[in-house]
Amino acid sequence: MAKQSKTSPPADPSLVEQVGLCVRRMGAQSVLTSQVIAQIFDLHTTDLEVLDLIFLKKQVSAGQLAEATGLATGSVTALIDRLAAAGYVERTTCAQDRRRVLVSVRPEAIEPIKSVYMDMKRRMFALWSGYSASELELVCDFLTRSTALQVECVTTIRADDAADRPAKKTSRKRRTNPAV
C-alpha cells in the first residue's frame, strides 16, 4: 500500500481540498445514479445499495447488514423482506448456527439490474485501463483507506448522536373511547 514516506514533503493543502471536493462530487453522483436505477426496478435506493452489499459479500446476516447500514434491526428485516418478495434475495439457515439466518443474492434475479449497469461498467473499465499498474494500486489504496475511514467516522457520528440525543419519554396518552 502506498503511504507517504518520511522524506516526502507534505501535500499541498489546496490539492488535498481539491481531492476532497472530487470525492464528494463522485459520492453525490453515485447516490444519484443509484436513485435512477432503483426507480427503474421500483426499489428504494437503500434497497438497491444493500442488494449490492449482499452481492459483494456473497452471504450476510441481518445483523451484519444492520451494522453496515446503521439501520435498526426491524428496518433491516423489512428491507430483506422487500428484496425477498421481489425475488432478489433468499434466506438460508447457517450450517454452523441453525438459529442464524443468512441472506444471499439470487444471481439470475439480478441479471436485469446488472444489464443496466453494463454500459457504465464497460466505459469505466476502458477509462481505468488507461492508468498504469502503479497508478491503479495507488487509486485502490486511496479508495480502500478512505472507505475504511468513512466507516469509522460514521460509527463515531452515530455514537455521538446517540449520546447527544435525549432519552425518549414513553408516555402514553390514554385514548378516549368516542362511543362513550
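This passage describes selected local features of a predicted model, taking the loops and ring contacts before helix α5.

Two residues that are not glycine nevertheless adopt a positive phi, and each of them is found in a loop. In aspartate 42, which is not a glycine, phi is positive at about 55°, and this residue belongs to the loop that joins α1 (13-40) to α2 (45-57). Aspartate 42 counts as exposed because its relative accessibility is 73%, which lies over the 50% required for that description.

Lysine 58, likewise not a glycine, has a positive phi of about 75° and is placed in the loop between α2 and β1 (60-61). With a relative accessible area of 60%, lysine 58 is also exposed. The side chain of lysine 58 takes part in a contact with a ring, since this residue lies over the face of phenylalanine 55 at 5.6 Å from the ring centre, a distance within the 6 Å allowed for a charge over a ring. By contrast, a search for aromatic pairs across the whole structure returns zero.

Helix α5 comprises 18 residues, numbered 111-128, so at 1.5 Å a residue it should span 26 Å; the C-alpha atoms at its ends are 24 Å apart, which agrees with that expectation. The expected span is reckoned from one less than the number of residues. Helix α5 nevertheless contains a kink of about 45°, and the centre of this kink is at tyrosine 117.

How values were computed:
Residues are numbered from 1 along each chain as its sequence is written. This is a predicted model: local features need pLDDT of at least 70, side-chain atom pairs count only at pLDDT 80 or more; totals for chains, interfaces and linings use all residues. Side-chain values use heavy atoms; hydrogens and water are left out. Rings of Phe, Tyr and Trp (its six-membered ring) pair if their centres lie within 6.5 Å; planes under 30 degrees apart count as stacked, over 60 as edge-to-face and the rest as tilted. A charge sits over a ring if NZ of Lys or CZ of Arg is within 6 Å of the ring centre and within 35 degrees of the ring normal. Helices (H or I, at least four residues) and strands (E, at least two) are DSSP runs, numbered from the N terminus. Buried means under 20% relative accessible area, exposed over 50%, partly exposed in between (1.4 Å probe, protein chains only). The bend at a residue is the angle between axes fitted to the seven residues ending there and the seven starting there.
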